[in-house]
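Welcome! Take a moment to look over the sequence and the 3D view, and then let us walk through them together, one part at a time.

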Amino acid sequence: MDNRFTKSISGRIGRLPSSEPDNTGFAQLDGEDFPEFETGSVWLVGAGPGAPGLLTLLGYHALNTADVVIYDALVNDKLLDWTRDDCQIVYAGKRGGKPSPEQGDISLKLIEFAKAGKRVLRLKGGDPFVFGRGGEECQMLARAQIPYRIVPGISAGIGGLGYAGIPVTHRETNHSVIFLTGHDASGNMPASVDWKAVAQASPVIVLYMALKNFADISSKLISYGRDGNDRVAIVSDATLPHQKITETTLYEAASTLDTAPIPKPAIIVIGAVGEMHHALDWYVDRARENQIG
Ligand code: SAH
């Protein structure tokens with residue numbers, strides 16, 4: 001990691017001073033102040049879907065400043081290079097097949113660190129408020145009267161699809177989109193979802209955490225009138241150099257999942273936009289070589 005890149009931003013941001021191309025990223029930025037990351041507060045920061053360069057400037061500032069970072073399994077480790085040398089790093093994801101820490105335990109940890117006067121950065125994959133339990137953590141923080149801030153991130157179901165050349169909305173195909181999780185807290189297909197309405201409401205459905213139950217979800221949608229020939233694109237490891245797209249249809253989903261091992265994490269998109277990646281597959285060859293994005 002280039003130290004100059006990490007250290008030189010020093011809490012300020014503004015216009016690039018010259019027209020020279022600046023390959024060091026923020027190195028020459030100067031101008032406006034970032035909001036203060038106060039001691040005793042928690043920032044919930046979206047890390048983006050994978051590529052480190054998809055972190056926001058506010059997220060980068062938070063990493064530079066935090067005393068403690070508590071991060072999830074899907075967060076790219078490279079982001080942790082942008083923390084201070086003395087920053088305490090805490091992992092809050094699954095490890096070696098063990099279950100992840102209880103949500104309540106994580107929230108209590110956040111509160112404990114904040115009460116100890118730390119600047120606490122809760123780093124979560126994608127956007128903290130999209131299927132990320134960020135809301136639950138904020139509720140606990142609010143109850144404990146801990147000040148907090150949300151730093152949104154690029155969600156896998158939007159930005160991740162962008163790296164796959166799949167626009168999540170496209171005028172010719174869909175004026176709406178449904179975002180759905182493929183399982184509930186118990187790991188089953190979410191029972192509270194109105195599958196009939198989902199099958200009929202939008203030409204495009206984007207599913208998070210849905211690989212395990214996708215065969216069942218497909219047949220459910222078909223049974224409620226969705227066309228079984230509807231295109232399905234499954235984007236694994238979106239925005240990372242090993243990103244992979246698997247294509248199938250709702251009819252063939254079960255056999256596709258049986259025959260080809262599909263790497264996780266994966267976003268599933270149902271609908272015609274999935275096919276657009278054939279024409280818009282920009283993330284190839286040299287575009288994949290840069291580790292930042
Ligand atoms: N808050 C996150 C989603 C957390 S749920 C966000 O906004 O993106 C975790 C699910 O997100 C995974 O099961 C997968 O469906 C999806 N996901 C996250 N990162 C991904 C990636 N790089 N590629 C494909 N899917 C991803």
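Strand S4, which covers residues 68-71, pairs with strand S6 in the parallel sense, and 4 bridges link the two. To find the pairing in the view, look for valine 69, which stands opposite leucine 121 in S6. Keep in mind as you look that this is a predicted model.

S6 has another partner as well. Strand S3, residues 42-46, also runs parallel to S6, and this pairing is made over 5 bridges. Here a good landmark is valine 42, whose bridge partner in S6 is valine 120.

Now for S6 itself, which spans residues 120-124: is this strand mostly covered or mostly open? The strand is mostly covered, with 5 of its 5 residues buried. In a regular strand, side chains alternate between the two faces of the sheet. You can follow the two directions in S6 by eye: Val120, Arg122 and Lys124 point one way, while Leu121 and Leu123 point the other way. Residues on both sides are buried, the charged Arg122 and Lys124 among them.

A helix tells a similar story. Helix H2, residues 57-65, is largely enclosed by the rest of the structure, because 7 of its 9 residues are buried. The buried ones are Gly59, Tyr60, His61, Ala62, Leu63, Asn64 and Thr65.

Next, let us turn to open space. Where does the largest pocket lie? Both domain 1 (25-154) and domain 2 (157-280) give residues to its lining, so the pocket lies between them. The space in this pocket is about 1700 Å³. Its lining is made up of 49 residues, and those nearest the centre are Leu74, Lys94, Phe131, His183 and Met209. Our strand S6 appears here again: along with helix H3 (103-115), helix H4 (134-143) and strand S12 (266-270), S6 is one of the elements that give two or more residues to the lining. Sorted by class, the lining holds 22 nonpolar, 14 polar and 13 charged residues.

Finally, step back to take in the whole chain. There are 8 helices and 12 strands to trace in the chain. Of the 293 residues, 47% are buried. Contacts also reach across the sequence: among those between residues at least 6 apart, 66% join residues at least 24 apart. The parallel pairings of S6 with S3 and with S4 are a good place to begin tracing such links for yourself.

Definitions and conventions: Residues are numbered from 1 along each chain as its sequence is written. This is a predicted model: local features need pLDDT of at least 70, side-chain atom pairs count only at pLDDT 80 or more; totals for chains, interfaces and linings use all residues. Side-chain values use heavy atoms; hydrogens and water are left out. Buried means under 20% relative accessible area, exposed over 50%, partly exposed in between (1.4 Å probe, protein chains only). Two strands pair if DSSP finds at least two bridges between them. On a 1 Å grid over the protein atoms alone, a cavity is a set of points where a 1.4 Å probe fits but cannot get out, and a pocket is an open set with protein on both sides within 12 Å along at least five of seven lines; lining residues have an atom within 4 Å of a point. Grid points are joined across faces, edges and corners, and a volume is the space filled by probe spheres set on the points. Domain bounds come from an automatic or database domain assignment. Contact means heavy atoms within 4.5 Å.
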